[in-house]
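User: I have just opened this entry and would like to learn how its labels are justified. Could you take me through some of them, setting each value against its definition?

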Amino acid sequence: MRPPTRVETAFELLGDRLRALLLNSLVPNSTESRVIEKLKSPLSLFSVFNVIKFENRPCIARREQQLATFYGICYHEMECSQLGGVPMDLCAGGFGVCCVFQLGCNDQTAQNISYFQSPNYPAAVRTKLTCTFTVALRWNVRQVLLEFIFFEMGPPTEGNCLGDQLIVTVQNGFQKWPVLCGVNSGQHLYIQIDRDYSHFLHLTAVSNSNEAKAFNIRITQLTSAEAPEGCLQYYTGINGYIKSFNYDNQSAVVTEKKPSYLNNLNYAICIRRAPNFCAVTFDNIGENGEANQFQLVNLDEDGASLIRPGTAGVEIYNCPDDFIAINYLRLCGERLNDGATTEDYTRNSPVTDDSGGPLVVGVRTNAENVGRGFKLRYRQEICQKG
């Protein structure tokens, strides 16, 4: 016996009285099976979807065989197909499907949640690539969140993305967003939107090489701002990790890796302060308990380092060009140490921000001379009484 269709299942869920009323309103004295066949026709002027209404809200679809979670919008199955989505799970009590929009080169969407994927993802692309994706911004959107579920492209050359690039542009937008390349899986960007001037967001992926590359970027239109204004990245956990772009030295697709931060950056990483937490402490201890490499390079006019090898740099004399700023203090060099705990600058030492304002890490780099970058663990500290 064949399994029931979703339309037939929907009829069962309606209940006897409502089902009879619906049948008689459609085709008096008809049988249920005839009406179901009529409703399943895409040419039907009246469908069960006009009776069973629900809000097209975000939903989560889980595919156990892929060990993956997808975000989509709850639609009727026919609507999902007509809009170019893929039904991946049920929603709205079984009356709808979680419709996931996995799109690619030269596509355009107005959906609240969509995915921009490289051709034939998750397979790698091994040809040159010029690929544009357009998001038609909804009238009430205030921010767009770009999440790099998977992102591996060619590496930068001395801090500049030359061969491979991901370019983010907003129509009539005045702010410039970082041009990205290299390995950036797990990173994210918050794009501020002024809807009075901007109607489209464009993502352009360019590659001038035949080396392997692949990306999968989730794009979410936000009607209320999640990140404070001016924050390119925003973290909401009590603890976690922040890192510079292209820090990782491991990859699944690209064969040539050059982990280093990028040139010409000026942005803020923000952390939401949890209630009853009064400070945040940063260190460069990795998940395995070993120190993550910390390296922000500053040279004088003769090309000599302003900081002795293997030591930390603090403030503008040591860190005029490339630095992170914690609690308004510039930090650079090859150790993380602000001198508050120990003045032995050959050692890494935790750095604490106990100021009363927003929790912000500033990142600034110039047009040349790059190093590995940073990957910092942060943990918020609960307020102490008295």
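User: Where in the chain is G339 placed?

Analyst: G339 is in the loop between β20 (329–333) and β21 (351–353). Such element names come from DSSP runs, numbered from the N terminus, with helices needing H or I over at least four residues and strands needing E over at least two. Please keep in mind that this is a predicted model, in which local features need pLDDT of at least 70 and side-chain atom pairs count only at pLDDT 80 or more, while totals for chains, interfaces and linings use all residues. Residues are numbered from 1 along each chain as its sequence is written, and side-chain values use heavy atoms, with hydrogens and water left out.

User: Why is G339 called buried or exposed?

Analyst: The relative accessible area of G339 is 18%, so it counts as buried; the term requires a value under 20%, whereas exposed means over 50% and partly exposed lies in between, with a 1.4 Å probe and protein chains only. The C-alpha atom of G339 is 8.2 Å from that of V314, a residue 25 places away along the chain.

User: What makes N276 and E315 stand out in their backbone angles?

Analyst: N276 has a positive phi of about 70° without being a glycine, and E315, also not a glycine, has a positive phi near 70°. N276 belongs to the loop between β16 (266–271) and β17 (277–283), while E315 belongs to helix α6 (residues 315–318). Set against the accessibility limits, N276 is exposed because its relative accessibility is 59%, and E315 is partly exposed because its value is 32%.

User: Which peptide bond is cis, and where is its proline?

Analyst: The bond from Y121 to P122 is cis, with omega near 15°, and P122 is found in the loop between β7 and β8 (129–136).

User: How do you know that β7 is paired, and with which strands?

Analyst: Two strands pair if DSSP finds at least two bridges between them. β5 and β7 run parallel and are joined by two bridges, with L103 opposite F116 of β7. β7 also pairs with strand β13 (residues 214–222), in the antiparallel sense and over five bridges, and both pairings therefore meet the rule of at least two bridges.

User: What makes Q117 a useful residue for following that second pairing?

Analyst: Q117 lies in strand β7, and its bridge partner in β13 is N216. The side chains of Q117 and N216 are also joined by a polar contact of 3.2 Å, a term for a pair of N or O atoms within 3.5 Å, where within protein one must be able to donate a hydrogen and the other to accept it, and where residues adjacent in sequence count only if both atoms are side-chain atoms. Beyond neighbours within four places in sequence, Q117 has contacts (heavy atoms within 4.5 Å) with Q102, L103, G104, C105, F215 and N216. Its relative accessibility is 11%, so Q117 counts as buried.

User: How many residues of β7 are buried, and which way do they point?

Analyst: Five of the five residues in β7 are buried. I113, Y115 and Q117 point one way from the strand, and S114 and F116 point the other way. In a regular strand, side chains alternate between the two faces of the sheet.

User: Why is the pairing of F70 and Y115 called stacked, tilted or edge-to-face?

Analyst: Rings of Phe, Tyr and Trp (its six-membered ring) pair if their centres lie within 6.5 Å, and planes under 30 degrees apart count as stacked, over 60 as edge-to-face and the rest as tilted. The rings of F70 and Y115 are 6.3 Å apart, centre to centre, with 65° between their planes, which makes the pair edge-to-face. F70 lies in strand β2 (residues 68–75) and Y115 in strand β7 (residues 113–117), so the pair ties together parts 45 residues apart in sequence. Both F70 and Y115 are buried.

User: How do Y75 and F101 fit the ring rule, and what parts do they tie together?

Analyst: Y75 and F101 form an edge-to-face pair, with 6.2 Å from centre to centre and 85° between the planes. Y75 lies in strand β2 and F101 in the loop between β4 (96–100) and β5 (102–103), so this pair ties together parts 26 residues apart in sequence. Y75 and F101 are both buried.
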